[in-house]
Amino acid sequence: MTTKQPKYEYVSSARLPTRFGDFTIHGFVEASGQEHVALSYGQWQAGDLVPIRIHSECLTGDALFSTRCDCGFQLEKALQNIVENGRGVLLYLRQEGRGIGLLNKIRAYNLQDTGMDTVEANEHLGFDADLRSYDICKLMLDTLDVSQVELMTNNPRKMQALEQLGIKITARKPIDHGITKDNKHYLKTKTEKLGHAFDPHLFK
């Protein structure tokens with residue numbers, strides 16, 4: 001009889017000093033081989049309210065300092081918030097380009113350069129506007145003994161996804177950070193077409 005491979009699996013943890021503070025990095029893997037990590041900071045007891053951020057990978061914003069999006073700015077702000085709070089978790093999910101992958105994101109950028117918005121570009125390439133899944137977040141948070149969270153997000157879909165997984169969201173903390181002349185139209189599109197909760201005055 002063949003043993004079914006778990007859909008998601010915890011792998012290992014290690015100390016990760018950063019310029020924001022000393023975190024612990026925890027590795028997870030899907031049955032498909034896709035890898036994800038969580039960064040935890042500080043201590044808590046089971047049932048405590050823990051600030052968290054779910055951050056989808058964005059190589060261009062997180063590592064290459066692009067100002068076409070606000071991803072890199074949000075990543076830094078979330079880590080700063082966690083350290084200032086004294087505890088928290090950042091879940092870093094490897095789902096580039098809202099799930100379409102890096103090269104398709106570059107193709108979408110090319111279409112945006114011709115006048116399409118981010119949603120139109122994804123759909124022109126044959127993808128839904130947002131293909132991300134948050135199912136692995138349940139295992140990640142269970143592993144870290146987190147059941148009640150303050151979620152740093154502007155995206156109500158993330159809140160719905162976690163609630164459907166049985167994670168209690170006590171509060172939402174906006175993360176309106178990193179709005180530039182290069183990404184205002186992108187963020188306005190996410191607000192109008194994807195329901196992100198940005199303050200409209202930020203786009204004036």
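How many helices and strands does the protein chain have? In this predicted model, the protein chain contains 8 helices and 7 strands. Of its 204 residues, 46% are buried, and the chain exposes about 10600 Å², of which carbon and sulfur atoms supply 50%. Among the contacts with a separation of 6 or more, 59% are made by residues that lie 24 or more positions apart.

## Nonpolar cores

The largest nonpolar core has 23 residues, and those that touch the most other members are Ile 52, Ile 54, Val 89, Leu 91, Val 146 and Leu 162. At least two residues of this core come from each of β4 (49-56), β5, α6 (136-143), β6 (148-152) and α7 (156-164), and α6 gives the most, with 4 residues. A second core, separate from this one, holds 12 residues, including Phe 23, Leu 39, Leu 75 and Tyr 92.

The surroundings of Val 89 can be listed in some detail. When residues up to four places away in sequence are not counted, Val 89 touches Ala 38, Leu 39, Ser 40 and Trp 44, together with Val 50, Pro 51, Ile 52 and Arg 53, and also Ile 82, Leu 144 and Val 146. Among these partners, Ile 52 and Val 146 are listed with Val 89 as residues of the largest core that touch the most other members, whereas Leu 39 is one of the residues of the second core.

## The second largest pocket

The second largest pocket encloses about 440 Å³ of space. Its lining consists of 20 residues, of which Asp 62, Ala 63, Leu 75, Glu 76 and Leu 79 are the closest to the centre of the pocket. By class, the lining of this pocket is made up of 12 nonpolar, 4 polar and 4 charged residues. At least two lining residues are supplied by each of β3 (35-41), α1 (59-63), α2 (71-85) and β5 (88-93), and α2 gives the most, with 5 residues. Leu 75, named above for its place close to the pocket centre, is also one of the residues of the second core.

## Individual residues

Four residues outside the lists above are set out here with their place in the chain and their relative accessibility.

| Residue | Place | Relative accessibility |
|---|---|---|
| Pro 17 | strand β1 (residues 8-17) | 46%, partly exposed |
| Phe 65 | loop between α1 and α2 | 66%, exposed |
| Glu 84 | helix α2 | 64%, exposed |
| Asp 145 | loop between α6 and β6 | 43%, partly exposed |

Most residues other than glycine have a negative phi. Phe 65, by contrast, has a positive phi of about 65 degrees although it is not a glycine, and Asp 145 likewise shows a positive phi, near 65 degrees. Phe 65 counts as exposed because its relative accessibility is 66%, a value over the 50% cut-off, whereas Asp 145, at 43%, is partly exposed.

Pro 17, in strand β1, is in contact with Asp 22 and Phe 23 once its neighbours within four places in sequence are left aside. Of these two partners, Phe 23 is also included in the second core, while Pro 17 itself counts as partly exposed because its relative accessibility is 46%.

Glu 84 lies in helix α2, the element that gives the most residues to the lining of the second largest pocket. The C-alpha atoms of Glu 84 and Gly 21 are separated by 9.7 Å, although the two residues are 63 residues apart along the chain.

How values were computed: Residues numbered from 1 in each chain as written. Predicted model: local features only at pLDDT ≥ 70, side-chain atom pairs only at ≥ 80, totals over all residues. Heavy atoms only, no water. 1 Å grid on protein atoms, 1.4 Å probe; cavity = no way out; pocket = protein on both sides within 12 Å on 5 of 7 lines; lining within 4 Å. Points joined across faces, edges and corners; volume = space filled by probe spheres on them. Nonpolar A, V, L, I, M, F, W, Y, C, P; charged D, E, K, R; others polar. Buried < 20%, exposed > 50% of the residue type's maximum accessible area, 1.4 Å probe, protein only. Contact = heavy atoms within 4.5 Å. Core = buried A, V, L, I, M, F, W, Y, C linked by side-chain atoms within 4.5 Å. Areas by Shrake-Rupley, 256 points an atom, 1.4 Å probe, with all protein chains shown as cover.
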